[in-house]
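Me: Please take a close look at one part of this structure, a sheet and the helix that packs on it, and then set that part in the context of the rest of the model.

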Amino acid sequence: MLNIKCPYCGDRSQKEFAYGGDGTITRPKLNQEISDEEWDNFVYLRKSPRGKHIELWHHIAGCRQWFKVERDTTTHEIFRTFKPEE
Amino acid sequence: MSQNFRLNTGGLINRDKPIEFKFNGKKYIGYEGDTLASALLANGIHLIGRSFKYHRPRGFFGAGVDEPNAKMQVEINGCSEPNINATEIELVNGLSASSQNCWPSVNFDIGAINNFLNRFFPAGFYYKTFMWPKSFWYRVYEPFIRKAAGLGIASLEKDKERYEHKYEYCDLLVTGSGPAGLASAYAAAKNGAKVILAEDKPRYGGTLLTDDVTIDNLSGKDWSEKIISELKEMPNVIVKNRSQVFGYYDHNMMVMFERTGDHLEKKPKYTPRQRLWYIRAKEVLLSTGSIERPIVFGNNDTPGVFLSAAAKEYMKVYGVLIGKKPIIFTNNDSGYETAIEFKKNGVNPIVLDTREDQKSELINEAKDLDIKIKFSYAVIVAHGYKKVKSATIGKLDKDKIDFENTEQIDCDSICVSGFWTPTVHLASQSGNKLKFNDSIDAFVPDKSKQNEHSLGAANGTFTLQDTLKNSFNTGSEVSKSITKKDEKIQIPNTNERKYSTHDKFWCSPLPKGKNYKRFVDFQNDVAVSDIEVALREGYRSIEHVKRYTTLGMATDQGRTSNLNGLQLVANVEKKIVPQVGHTTFRPPFTPVTIGTIVGREIGKEYMPTRKTPMHHWHEKNNAVWVDAGAWKRPRYYKRGNENLFEASKREAKNVRDHVGVCDVTTLGKIDIKGPDAAEFLNRVYTNAWLKLPVGKARYGVMLREDGIVMDDGTTTRISENHYHMTTTTAQAANVLSHLEYYLQIVWPELNVNVVSTTEQWAGAAIAGPKSRDLLAKLFPKIDVSNEALPFMGYVEGDLFGVKARIFRISFSGELAYEINVESDFGLFMWEKIIEIGKEFNVQPYGTEALSTLRIEMGHVAGPELDGRTIPYDVSLEGLVSKKKDFIGKRSLAKEAFNKVDRQKIVGLVPLDRKSSIPEGSHLVENKNAKLPNPKLGHVSSSCWSVENNNPFSLAILKDGKNMIGKKLFAVSPLKNTSIEVEVMSSHYVDHEGKRVRS
């Protein structure tokens, strides 16, 4: 079970969080003309990197804030956690 | 026979407190402080079970977690549990144990015929023999094998015991209270660190209890008692015995189980039997010690063969002799400590040392005590079936691959010592890749992957002086970096004997023409020959050899067999052990009861139960419950002998004819506030939201980005920048997370806040032609006319002094309202509705009637919004704005979502107007077509239409738009039904929607 430092609340057990997937994805702007391929990439395609990965977590049983975590997918080492605007 | 093997003095047991217990139905006496194993040995009982595969007689081999054989069925306080290690369970009055894996008895076991047929039971025997015919596996082979090879029997009774979970945080967790554990915990505690010291045995001290050493002129035992009592006094230290740390998980999450109740004859009322601890430690110090390695020889599994350190522990801790005529078979100095202990207790051992004329302090001491020593000697084979009676021993030749001469000598026990294996299981679980240490022929921890350090014997350090020095230093260094305190500690003086080097001898060769079974893994009955078979058959990877032979598997996890197994593979493959590598150590290190893992999360505590404020009223009025997520909802209210079908029909009919009231508190409610709230809703929902006036509600559908319908519900504009959103009961949590995601991550520029208010509001839906009359009586001061409060209108009112929100919305398709009050007044509201509604014939209705009402109206719910449907599929395309963008809109342009024969919701009625159509039925054109019969769609929801008095269903049907009027079959292989149905519009009742607007 991971130990995750919520940037708002501090260290908490993984039990309090929900995983939110790749944290580097940017949603296309509203009303933007976009090809089928680009849209499909946004909706479906995700990398499954070995090593460092920035991902989203949601503190659902706490402050209910979404934030970003830089984690190694092989060792689960967490390098930093930060607010989405950082 | 009464404790003939108990010494008159010595040991840490309490001879003033005899304890009566049973083994295989017979009564015995032991003492307080005994384990089941030591008490049986005191009574001279060695034959305790039969081996897993060959049903060979087995006896005790170790004295603690190292024990591979002594798994027993144990009954304490009426609770029967299999596979309990007799060397670990403490003796209590009334304990009753029995042997496993034998029939009819441990003395006469029919399965032992396997032993004489053993050439037919080689490695991989099950895989090879029981392959054919395939159908025989489940019916014949598997039940037979399970019976023949089963371990204990799990009780079929409900476990009456109580198990608990506990969470703890600390700076340092120290696992094991031997010299390394005590020293490091003490140093860290002195620096003010929060320390947890865990010991799996009842007594603290580890090897200090059995080794002949002094620390600061105190005996090992006295020193450990002194340290423990000091630690117990310190407020920053938790000291726990009977507590095994069995798992090392991510980010230093350690899991430990504590045996809180099993050793107590009378457990206090609220004391759990066992407790599971989740410990998050900043640093973990692994002082798990080491386990003695056996030396492999012929029939080395005969009862009476022990690890030499176990024999010593039985004498020193329990005052028990494991034999009166022992052979000590050793390749290092440890065997001499056991020999000396025997001698001190009046027993004359004979030592066989595989080394040539070795000299050391211990050997000199043994010689001074007149102990008979034979150098360059080994045990070739043990004789005796149910107990060792004699042994053939031999003088090793120079290369130690054959014997120069052999002789048979009488003995009643053989104590083996093949040097020490560090207990690296937890270090390995932490991700630490182990490295092979040539000087001790064993793996030791390498670089740490997490915050852990191995200390003392667990790290391959076998002298007390070095162990204490390293452990005090590490404890102090590690804690210093956390607490910033540096309390200097004087490292104590020690007095211990110096060991000479050990011999790498690990397995006695077979004399020419002899074919003795030589066991490597006792628990899984794996002999040298089995591993050789696996290698001959081409298995190379150690992980494959493990699985093919079962070496090092199961509860034992290779504690005594691992290295000898690797050594054997290395020898055959002409490699060295580090080239062979090692198998993965897995948690749990020792077996853990399922009860402990489950803890209190059982029965109604399995998950929280959510109850609405009106719950007790429903209960009093014969509600039959249905689970909706964690919520309890009334499915129907039973009157007299009514069944579900009759009751739901009555309730639904009453809504259509008069007025019904339904508890809708469970719907998700989200409060939305902020100047950009309208813009946000406009992006979240598929329809337009910018122009919704204050005091109006609107129905909305939200999609996922992939275009699939996520949820539906109404949202009401309470004031300029304040909205009240409702979601379905099932999706409430997901919708909130979804909204938060878009507000915090995607569009942080929107000034909007959302919060769940599901628990804050109690809701009651009143539905039916009389609902307006009822509402008028509930709110006499409000104009509730169709003009003043039209469909989708909203007004606030005063319900006999309670502030209420009134929404004119309808799920049933009838004229209907939903009233919300603060949760504390929910019951008050409900009782007022029932009381005042009497004159209008109001009746409560449950979820079953609710479903009936919405199905005949063609309103969609969970079964239609099943994560596979887009708005078009469920006839919600009219709510999809063509002008504005919203979440998931781009996906709706996808080719597959615009196919002309796309699936669509339809209604179904059986041609006979009688047979109800099972939900989940498949729709096919021809019920007799060849399989696989092309599937056109499926039945999503079914009800008995109270309006038309016949069954009616909703279905998702391919090209549904053009199928109206067609006849199909709804087949359910599960229910074995095949019903001819007619396809029609999904709106079976009031398809113009007049009633909701009336």
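Reply: A good place to begin is a single pair of residues: B:Ile328 stands opposite B:Cys415, which lies in β24 of chain B. The model is a predicted one, and the description that follows should be read in that light. The strand pair around these residues consists of β18 (residues 326–330) and β24 (residues 413–417) of chain B, which run in the parallel sense and are joined over five bridges. Both strands belong to an open sheet of five strands in chain B, whose order is β17-β24-β18-β19-β20 and whose pairing is parallel. At the edges of this sheet are β17 (305–307) and β20 (372–375) of chain B, each of which pairs on one side only. From one strand to its neighbour the turn is 20° on average, direction ignored. Helix α7 of chain B, residues 308–318, packs on this sheet and touches β17, β18 and β24 of chain B, while its direction makes about 85° with that of β17(B).

Chain B also holds an open sheet of five strands with mixed pairing, in the order β2-β1-β7-β5-β6. Here β2 (26–32) and β6 (79–85) of chain B have a single partner strand each, so one side of each is left without a neighbour in the sheet. The average turn between neighbouring strands of this sheet, with direction ignored, is 35°. Within it, β1 (residues 14–23) and β7 (residues 96–99) of chain B pair in the parallel sense over two bridges, and B:Phe23 has B:Ala97 in β7(B) as its bridge partner.

Turning to helix packing, the axes of α12 (residues 528–536) and α14 (residues 562–573) of chain B come within 10 Å and cross at roughly 45°, an angle that makes α12(B) oblique to α14(B). The crossing of α12(B) past α14(B) is right-handed. On the α12(B) side the contact involves B:Val528, B:Ile531, B:Glu532 and B:Leu535, which meet B:Gly565, B:Leu568, B:Val569, B:Val572 and B:Glu573 of α14(B). Sorted by class, this contact has six nonpolar, one polar and two charged residues.

Finally, there is the meeting of the two chains, where 20 residues of chain A are in contact with 20 residues of chain B. On the side of chain A that touches chain B, the elements giving two or more residues are α1 (36–43) and β4 (52–58) of chain A. By class, that side of chain A has eleven nonpolar, six polar and three charged residues.

Notes: Residues numbered from 1 in each chain as written. Chains lettered and ligands numbered in written order. Predicted model: local features only at pLDDT ≥ 70, side-chain atom pairs only at ≥ 80, totals over all residues. Contact = placed C-beta atoms within 7 Å. Helix = DSSP H or I, 4+ residues; strand = E, 2+ residues; numbered from the N terminus. Nonpolar A, V, L, I, M, F, W, Y, C, P; charged D, E, K, R; others polar. Pairing = 2+ DSSP bridges. Axes fitted to C-alpha atoms, helices over the stretch in contact; angles between N-to-C directions. Parallel < 35°, antiparallel > 145°, perpendicular 65-115°, else oblique. Left-handed = near helix turned anticlockwise from the far one by under 90°.
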